[in-house]
Each structure stands twice: as structure tokens, then as C-alpha cells.
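Here are a few short exercises to work through with the model open. Try each task before you read its solution.

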Amino acid sequence: MLTSPAARRSPPTVAEKAHTHTIKLPVWHREQDLKLAEQYVSAARKAGEHHKELL
């Protein structure tokens, strides 16, 4: 009997769990990226302020 790859897979490691539950953001290293970085910060603040409505 064949089993699916998902069924053969071992439980996730601590690192895999952390990666799954972590917000990943790009790295900004140029002056021209400042406006985009500020937009990310603004969006994160807005989500934080309205987190109860989003759940």
C-alpha cells in the first residue's frame, strides 16, 4: 500500500514551526526604499489597531 508524501513526513521541527508563524519582511538597504518601508510600517500599525476586527 502506498502512502502520500505528507503521511510519511515527520512532525515539524521547532524551526519549521517558528518559520510558519513568523512574519517575513523584505530587507530595505537603499535610500529609495524608505517610502516602501514606511508603507509596511503603516500597514502593520493599521493591522495592529484593527486586529480584533480581523480575527
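**Exercise 1.** Which elements of the protein chain have the lowest and the highest mean pLDDT?

*Solution.* Start with the ground rules: this is a predicted model, where local features need pLDDT of at least 70, side-chain atom pairs count only at pLDDT 80 or more, and totals for chains, interfaces and linings use all residues. Residues are numbered from 1 along each chain as its sequence is written, and side-chain values use heavy atoms, with hydrogens and water left out. Next, pLDDT is the predictor's confidence in each residue, from 0 to 100. Helix H1 (residues 5–8) comes lowest with a mean of 65, and H3 comes highest with 95. The chain as a whole averages 88, with 87% of the residues at 70 or above.

**Exercise 2.** Work out the secondary structure of the chain.

*Solution.* Helices (H or I, at least four residues) and strands (E, at least two) are DSSP runs, numbered from the N terminus. The tally is four helices and zero strands, in the order α-α-α-α.

**Exercise 3.** Find the salt bridge and say how covered its partners are.

*Solution.* A salt bridge needs a side-chain nitrogen of Lys or Arg within 4 Å of a carboxyl oxygen of Asp or Glu. The structure holds one: Arg-30 pairs with Asp-33 at 3.0 Å, N to O. For cover, buried means under 20% relative accessible area, exposed over 50%, and partly exposed in between (1.4 Å probe, protein chains only). Asp-33 is buried because its relative accessible area is 9%, while Arg-30, at 44%, is partly exposed. Across the 55 residues of the chain, 4% count as buried.

**Exercise 4.** Place Tyr-40 in the chain and judge its exposure.

*Solution.* Tyr-40 sits in helix H3 (residues 34–49). Its relative accessibility is 34%, so Tyr-40 counts as partly exposed.
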